Structures are given as structure tokens and as C-alpha cells.
Amino acid sequence: MAKRHGYAVLGALIALVIALSAGIYVTVAADDGTPRSTLGDNRPHRDSHAAPASTGTWVGAWATAPVGGEPGTETAGLAGRSVRNVVHTSTGGTSARVTLSNLYGQSPLTIGHASLALAGGDGTAAADAETMRRLTFGGSTGVVIPAGGQAVSDAVHLTVPHGADVLITTYSPTPSGPVTYHPHARQVSYLATGDRTEDATGTPYTEQTPYWRYVTALDLLSNEATGTVVVLGDSITDGITSTTGTNRRWPDILSGRLRSALENGGQLPRYSVVNEGISGNQVLADGLGRPAENQSGLGRFGRDALSRTNVKVVVIALGVNDILRNPRLADPDRILTGLRTLVRQAHARGLKVIGATLMPFQGHRGYTPAREAVRQQVNAGIRAGGVYDAVVDFDKALRDPYDPRRLRPEYDSGDHLHPSDLGYRTMGEVFDLSTLRGAGQAEL
């Protein structure tokens with residue numbers, strides 16, 4: 001009898017466990033992990049797209065370097081305005097996250113709302129309404145970014161194609177001081193009055209701007225790419241004379257070539273490409289201010305190159321501004337030493353580094369024979385193999401064969417320093433894609 005009673009108790013306990021497990025399963029299945037926050041403006045909630053279930057590798061699909069504090073925003077920032085940044089992806093993915101920067105702010109930056117969507121068409125602030133996603137930060141729809149800091153959004157589930165224009169929109173309700181920006185975007189973005197972060201029509205965005213503001217990175221969970229190539233450079237990498245809105249900077253061309261080669265069965269690494277060029281950037285010298293605007297390559301390397309998501313290869317195209325902007329005659333040995341310092345830092349992380357020769361600039365207002373001699377000495381050091389793991393010889397590819405101190409006329413934008421669209425295309429095309437192999441195998 002006691003034995004039969006024991007079996008009955010055991011059976012009851014098992015039934016209780018099964019019932020509790022079923023209840024827990026129902027509760028978890030009903031909760032998709034999204035925040036239960038509400039807004040008072042009756043806008044549609046799209047938080048159910050958070051907590052992606054996709055698999056893949058997080059890589060950089062787009063990035064830009066913070067350059068300084070935007071003039072005219074020293075007091076109020078962009079309080080009460082929505083900023084709709086347009087960025088272009090170098091790879092595709094199934095989930096996305098965004099980095100926002102307050103590096104040059106002098107007080108906390110409050111982001112009340114932020115969103116991400118695919119563009120509804122070329123040259124417009126309109127979004128594809130079905131792709132509109134509200135961004136959250138630690139589950140909250142808003143975030144306060146301290147002066148000098150940055151914030152990374154939670155991931156949202158969204159299929160983003162490669163070569164897509166993505167709209168990243170922020171709204172700041174209160175004054176924040178200087179707006180952290182990238183001035184030479186070569187891309188039209190938009191501004192609106194009020195909180196229009198989830199407006200898909202684009203109609204309120206009546207003001208156009210050539211700047212990127214706050215946003216410094218778009219990462220994707222990708223099945224197309226397994227790593228990121230970071231291009232660190234100056235105005236030539238920034239694409240300052242390329243046609244606005246057409247993505248004709250040389251890193252864009254490189255990205256397109258790499259993707260096409262892979263689609264055609266090329267045995268190459270599956271990498272995305274992000275552009276960390278800053279116009280006027282030098283290897284050695286910072287700009288003015290604290291923190292320094294247009295920080296030197298040495299100063300920003302950790303932030304803009306080593307810290308990018310899943311970086312595998314760094315491409316460095318710096319040095320010409322150390323020659324042109326130095327009030328005295330630049331020391332080629334100091335420039336080369338600075339470049340070697342960057343390479344050592346990358347090697348310490350197991351990264352491969354590809355470097356570019358410096359292109360000619362005779363005819364530019366800064367040209368002198370003495371500066372030309374410095375350029376030649378720097379290029380000789382680069383070509384000798386004592387700086388980088390591999391070299392792309394932009395000088396040889398773009399110089400005038402009849403006067404090697406000048407750019408070839410069809411590659412010259414007209415200022416005798418920066419390339420034309422054809423020049424940028426040539427830079428991207430002469431880059432040997434096979435040099436991207438072997439990342440992570442550099443000697444330490």
C-alpha cells in the first residue's frame with residue numbers, strides 16, 4: 001500500500017513539472033524579447049523586429065570618421081531637429097546595428113528617438129515604409145551619450161542588400177553643444193523640424209546637407225562577408241572631388257570589384273570595405289582643439305581602424321598632407337617612422353596592412369621642388385618593402401608618363417592633387433585583390 005501511494009505521489013510530481021514547463025514555454029514564446037516601452041505620439045511600434053534570430057558574422061557595412069564639431073552648433077546643437085543620414089552599404093546582411101558619436105560634444109547628447117530604414121529611392125529622404133525600424137539602446141528608445149562618448153544600438157532584424165542606401169535618422173530634443181560630424185560626405189543627407197524619425201514619406205525633410213552627423217558606423221550580421229577591410233586615408237580616400245551621390249570614391253570601386261570577383265567564383269576573402277578617410281588628415285600632426293579635430297593618423301588609428309567590427313585588413317593611404325601642410329620642409333624619415341608605427345600596432349592585432357604610394361601634385365598651389373623630393377623619398381621607402389606587408393602603387397598608376405611629377409590629365413580633377421571620377425576608378429581597379437589574402441597571418 002505504501003509503495004502504491006509512493007507511485008501516486010511521484011506521478012503527481014511529474015505531471016506538475018510537465019504543466020509548469022508548458023506554462024514557461026508559452027510565456028517565453030509569447031515574449032520575443034522586445035521592450036514594452038510606449039510612445040505618446042501614436043506612431044506605429046516596430047520593436048518586434050529586435051532580437052534577431054539570424055546567423056552570420058558581424059562586419060562593417062559602412063563607416064566614417066568623426067572629424068570635428070560642426071560650426072554654428074556650439075550652443076544649441078541640433079535641438080528639436082531630425083537628422084536623416086544617407087549611407088551606402090558595401091555588403092548585405094540580415095540584422096543591423098548603428099554607432100552614434102558625441103566625440104566633439106561638450107555636454108551629454110540626448111537622442112530621443114532613432115530609426116533605420118532602406119531608402120525609398122535615389123536622391124530622396126523617403127524610406128521604404130516596410131523596412132522602417134525603430135532603434136533601441138539597451139532596450140530603451142532613447143539614449144544619453146556623454147561628451148566624448150559613443151553609443152551602439154541594439155541589433156534590429158532587417159534584410160539589407162549590398163549596394164543599398166540606408167537611412168539612419170536621429171532626433172535630439174535638447175541642446176547638446178557641438179555636433180560631431182563628417183563634413184565631406186559626398187552624399188546628400190536631410191534635416192527636418194521636430195521628431196520625424198519614423199516618417200517614411202520624406203516630406204518633412206526640406207533641408208539638404210552635405211554632412212554626416214552623429215552616425216559613424218553601420219554594422220550588419222552578414223552571410224556575404226566574414227571580415228572588414230578598413231581604408232584609412234586623407235581627402236583622396238574621402239573622395240572629396242568625386243561626384244556627389246554616386247559612390248565613386250576609390251574604396252567604393254574596390255568594394256564593388258571584390259564583390260564582383262567573388263560572385264564570379266574568385267578565390268578571395270569575403271570582406272566588406274569601409275572608408276575612414278578624413279580630408280586634410282596627416283600621419284603625424286593633429287588639428288586644433290581638445291579633443292583634436294582632424295586627429296592625426298597616429299592618434300585615431302585605434303578608434304577608426306583597429307576598433308572597427310571584425311577588421312581583417314587595414315589599407316593606409318596617408319602622407320601627402322604631412323608634406324603639403326607642414327610649414328617647414330617635412331622630414332621623410334619621420335613620416336615613414338609614423339607609418340611603421342601604425343603597421344606595428346596592426347600587426348600586434350594580427351592584421352595585415354597594405355599601403356599606398358603618394359601620388360604627384362605638381363601644379364597644386366602647395367607644390368615646390370623640395371616637397372616633391374620628400375614625396376619621392378617617402379615613396380622610395382614604401383616601395384623598398386620596409387613599411388607595409390603589400391603595396392598598391394597609386395603613384396605609378398596615375399602619374400603622367402610624360403611628366404611623372406603631375407597627375408595624368410584625364411585623372412586630374414583640376415586642382416592637380418585630387419583625382420577625377422576616372423582617376424578614382426583607376427585607383428580602385430589597380431588595387432591587387434590578391435593582396436587581401438593572408439589576413440591574420442602577419443608576423444608579430
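1. In this predicted model, helix 4 (residues 297-306) and helix 6 (residues 332-347) have axes that come within 10 Å and cross at roughly 30°. Because angles under 35 degrees count as roughly parallel, helix 4 is described as roughly parallel to helix 6. The crossing in which helix 4 passes helix 6 is right-handed.

2. The contact between these two helices brings G297, L298, F301 and L306 of helix 4 against G338, T341, L342, Q345 and A346 of helix 6. Sorted by residue class, this contact of helix 4 with helix 6 consists of five nonpolar and four polar residues, with no charged residue taking part.

3. The surroundings of helix 4 extend beyond that pairing, since its buried residues, namely G297, R300, F301, D304, A305 and L306, pack against strand 17 (227-233), strand 18 (271-277) and strand 19 (311-317) as well as against helix 6. Among these buried positions, G297, F301 and L306 also appear in the contact with helix 6, while R300 and D304 are listed as buried in helix 4.

4. A second helix pair is formed by helix 3 (residues 250-263) and helix 9 (residues 421-430), whose axes come within 8 Å and cross at roughly 45°. That angle makes helix 3 oblique to helix 9, and the crossing of the two is right-handed. On the side of helix 3 the contact is made by W250, I253, L254 and R257, and on the side of helix 9 by Y424, R425, M427, G428 and E429. The residues of this contact divide into five nonpolar, one polar and three charged.

5. Is Q187, in the loop between strand 12 (180-182) and strand 13 (189-193), buried or exposed? With a relative accessible area of 9%, Q187 is buried, the cut-off for that class being under 20%. Once its neighbours within four places in sequence are left aside, Q187 is in contact with V86, T209, P210, W212, T244, G245, N247 and R249.

6. As to confidence, the mean pLDDT of the protein is 89, and 87% of its residues reach 70 or more. Over residues 1-48, however, the pLDDT is below 50, although this stretch has 33 contacts in the model beyond near neighbours in sequence.

Note on methods. Residues numbered from 1 in each chain as written. Predicted model: local features only at pLDDT ≥ 70, side-chain atom pairs only at ≥ 80, totals over all residues. Heavy atoms only, no water. Axes fitted to C-alpha atoms, helices over the stretch in contact; angles between N-to-C directions. Helix = DSSP H or I, 4+ residues; strand = E, 2+ residues; numbered from the N terminus. Parallel < 35°, antiparallel > 145°, perpendicular 65-115°, else oblique. Left-handed = near helix turned anticlockwise from the far one by under 90°. Contact = heavy atoms within 4.5 Å. Nonpolar A, V, L, I, M, F, W, Y, C, P; charged D, E, K, R; others polar. Buried < 20%, exposed > 50% of the residue type's maximum accessible area, 1.4 Å probe, protein only. pLDDT = per-residue confidence, 0-100.
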